[in-house]
Every structure is written in C-alpha cells, then in structure tokens.
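User: I would like to go through the reasoning behind some of the labels used for this model. Please set out each value beside its cut-off before you conclude.

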Amino acid sequence: MDFPAEPFRIKVVEPLKKTNRAEREALILRAGLNVFNLPADGIYVDLLTDSGTSAMSDNQWAGLMLGDESYAGSRNYQNFENSIKELFGFKHIIPTHQGRSAEHLLFSILLDQKKIVPNNIHFDTTRANVLHQGAKPVDLVIDEGLDPNHSHLFKGNMDLEKLEDLITSAGPDRIPVVMMTVTNNSGGGQPVSMENIRQVSEITRRHNIRFFLDACRFAENCYFIKEREEGYGSKSIREIAKELFSYADGCTMSAKKDGLVNIGGFLAMNDASLAGDVSNLLILVEGFPTYGGLAGRDLEAIARGLEEVVDEDYLAFRIGQVRYLADLLKKAGVPLLQPTGGHAVYLNAREFLPHIPQSQFPAQALTVALYRHAGIRAVEVGSLMFGEKDKDTGEERYPELEMVRLAIPRRVYTSMHMKYVAESIVHLYQERKSIKGLRLIYEAPILRHFTAKLEDID
Ligand code: P71
C-alpha cells in the first residue's frame, strides 16, 4: 500500500470553511503578509505547528469527565505520575503547563552567567530559556545534520568529538547539563540513534555531568530507532523508550506533541534534591506539585495520551502520513529537506524559488503564496525567523537554510487532506516563476517573525 490508512474512525467532526481566492487575498493583506496574523477560520489545512493541535481519542475525552479538581492529591495526578514512571522510568515527576515552563524551571535552578548548555540543536524556546539565565547555548549536531540534502538516517545525532572538546576546553564545572532534543525539531524533526544517546550518556557520566532529554517527540524518535537501527526491529516502542530514557538523568517534556493533548508538560528526573528545588520554584510560579498549572482533567488526558502514543499502529500511521505527503512532493520534483522527518515536511525555498534573493524572504514568499493559492498555512523557517542585523554594521545577516515547514497535527487530517496539500504545492511549483519577493515594513526588536508586517515587491 502506498498510503497509510488511518487506524481510527471519526466520531466527531469539526467543519472547515473553504474560502475563495478573493477572500484569502483580503485576509492575508490585512495580516500584513504574515500567516501568524491570520484568523484560523480563514484556513483550510493548518500546518503551522504539530504542537497542541492533536485530536484526542474518545478514551481521552472520557478521561476529562473523570477530572478530580482537588487542589492537592488529585487522583488524576496519580494516573499521570504512574503513566510517566512506567514509560519513562524516572523517579520524580513534576507537572507544568507546557514545555517551556519545564525548561524555565530546570534552568532557573541549574544555570547562571558562567554556564554552558550543549544540545544537538536547541529548540527556540530552549535556547531563549538558556539565554534568559545569562548562560550560553551551544549546538553540537553532526555536520550531516546541517546539510539539507544529506540522507543520513540519524541526522539528529550529536557530534561526540565536539562534545568532548567542549567539555575539555570549558571544563565540566561550567556544564551543569547536556541536553538532547528527540527528535531534533530545529534540524528537521530528525531522529537520534540509541547508540548516540548511549555514547553521550557515557561521556556525561564520565565527567559527572547531568544528561537530560528534551522528550517532546520521543515516541516518533523511538519509531525511527525501531525502523532503522540494528537490533531494535523486534522490540516494542515501550521497550525502546524505556531503554532510551534509562541513559538519561531526566527530561523536559511538552505533552503538546507526543502527549497527544492540547496543553500540558512536565519535568522528570532521578535526583531527589534537584526535584525538591524545582518543586519549590514550581509552587511559586506554576502551582502545587500535584497539578503544576494544569487542571486534574488535563493530567488525565496526558496519562491516557502517553499510553496511546506508543501504539505501533498509531506510529506507523503517523510517520507514514508525513512520509506520504513528502513522497507525493518528491515524485513531482519539489525540493525538500532530506530525509523526511517525524512531524513535518520541509520545503527547500532556496531551490523552489531560486529567482528570489534572501533579502526578499523567499521562504516567507512561498508561505504567503501557499496560503493565497490553497488556504494552507505553513510556517517560514528562514531569513524572517532567523535573519538579524549585524550590531556594528547594521547589515542583514542571513541563515544557511531557507525552509517552509509543513507540520502535521496528530490524528487531525486525513490522507485526502495530504493529497490536497501535495497537489496544491505541485501546482504552485509549476507556476513558481510568478511568485515574487517580499519587503519587510515592520519588525519588532526580538522574535520578529511573530509580528512582522511585509508587502509584495512588484
Ligand atoms: C513547534 C513548537 C511550538 C512552538 C513554540 C514556539 C514558537 C513556535 C512554535 C515547541 C517545542 C519543541 C521542542 C523540541 C520545546 C518546545 C516548547 N515546539 N522543545 O515546533 O519543539 O514546548 O510549546 O509546550 O512550550 O511548533 P511548548
């Protein structure tokens, strides 16, 4: 079969409004050619993010009705804790309202201005939270992980030599934690191999440095290990996950991804003293340690989501659906980041629109064109998101990669939606010469892509 049949049927539907070209034109102009400013009602297929956009199962919705909203000791916390302990194997479980809050709590305790945090590639919020403590984030992904056309099967791996060198030159005392993002979102949703995790763990243990996983998409990573790494083909996802986490001292988690929920996260760790410090801070900023900024019903939904996400039929569909979209595009010659990642397909805008210079935001131009053409919302990951002005010369500096991310929400769209997306993009690719560059007319001093305003260059 060349398509991944859905391992679920549909019990509740959420109607989508189809807009016409003139309506979309008015909406995108009003949004300043920035898809973050679009009303979601004006979108047909929304691929802005896979975070917090999952469809919950009937079992999760049923769990919401069993929410125990006691301030302390809610039974849902017990279920939440049991489910995470069972799957992740860590001793102390601390709920948070989402992933970045887990990052903020951990780094508030561990970091100061002298500290350095290595990661394969820091996700934006992780990097921002390291910087917020005055510490320095360092990305140590293997070189292949930065080449959009390289087909390495574990492009999320960390370069062990770079890690050893950094520990030697900075000294282990300046590195309170080494992080590893699974899958590596900023590198294209690429997996990390079990062997690489084991080796990083060996290095960090030898230097007495903590090792934490950014576990947002752990189940997708485990599926790739099962598929691609020798010795794991006959193991269950649960077994693979258990082994993966056994090499780490803890993790941060945004349950908005592989927790299959719309809000929530947690921190998990083995160190009781660190957990105590984090819990005290949690009480100050998030809430009591048995709810951490979430309702009892949210904890229940996460407990059940974590059981469902390791189901192999689900993961085969999930990874298969993303791959199905990528394969339809590849067949038509549309330039993509290789190989296809776990949660998203990335269009290579530089190759898609070679006639638009980086100073005219080719990836943003493609994102806007895709909305105008088909009502599909993607997100730019290129010179609008990462470009910056040189502090001394005022000159614009551009990132290496110029991508458009099509992030696929979990269990939300059917394969027919994917076909619609693919055909729309292929059509746009045939007409690519008609797409023009953009000019920036407003930018905020930081994280400008969220609020930027642009106009068409004629
Ligand atoms: C994604 C997101 C969501 C997002 C966040 C910020 C700007 C735009 C979109 C969130 C992640 C992530 C990783 C690896 C931590 C977080 C933060 N990703 N680590 O890809 O991918 O989690 O949103 O629950 O705070 O669209 P949080």
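**Reasoning behind the labels**

Analyst: In this predicted model, N157 is found in the loop that lies between β4 (136-139) and α6 (160-170).

User: Why is N157 called buried or exposed, whichever applies?

Analyst: The relative accessible area of N157 is 9%, and buried means under 20%, so N157 counts as buried.

User: Which residues does N157 touch, leaving aside those up to four places away in sequence?

Analyst: With that exclusion, N157 touches L140, V141, I142, H152, P191, V192, S193 and N196, where a contact means heavy atoms within 4.5 Å.

User: What makes β5 largely enclosed by the rest of the structure?

Analyst: Because 5 of the 5 residues of β5 are buried, the strand is described as largely enclosed by the rest of the structure. Both of its faces are covered, with V177, M179 and T181 buried on one side and V178 and M180 buried on the other.

User: How do you know that β5 is an edge strand of its sheet?

Analyst: The open sheet is built from 5 strands in the order β2-β8-β7-β6-β5, with mixed pairing. The edge strands are β2 (92-96) and β5 (177-181), each of which pairs on one side only. For β5, 5 bridges join it to strand β6 (residues 210-214), and the two run parallel; within this pair, V178 stands opposite F211.

User: What makes β2 and β8 a pair, and in which sense do they run?

Analyst: Two strands pair if at least two bridges are found between them, and β2 and strand β8 (residues 265-269) pair over 5 bridges, in the antiparallel sense. One example is I94, whose bridge partner in β8 is L267. Helix α3 (residues 75-88) packs on this sheet, touching β2, β7 (250-254) and β8, and its direction makes about 125° with that of β2.

User: Why is α4 called roughly parallel to α5?

Analyst: The axes of helix α4 (residues 99-110) and helix α5 (residues 124-132) come within 9 Å and cross at roughly 30°. Angles under 35 degrees count as roughly parallel, so α4 is roughly parallel to α5. The crossing is right-handed.

User: Which residues make the contact of α4 with α5, and how do they divide by type?

Analyst: From α4, R100, E103, H104 and F107 meet T125, T126, N129, V130 and H132 of α5. The residues of this contact divide into 2 nonpolar, 5 polar and 2 charged, with His falling in the polar class under the grouping used.

Notes. Residues numbered from 1 in each chain as written. Predicted model: local features only at pLDDT ≥ 70, side-chain atom pairs only at ≥ 80, totals over all residues. Heavy atoms only, no water. Helix = DSSP H or I, 4+ residues; strand = E, 2+ residues; numbered from the N terminus. Axes fitted to C-alpha atoms, helices over the stretch in contact; angles between N-to-C directions. Parallel < 35°, antiparallel > 145°, perpendicular 65-115°, else oblique. Left-handed = near helix turned anticlockwise from the far one by under 90°. Buried < 20%, exposed > 50% of the residue type's maximum accessible area, 1.4 Å probe, protein only.
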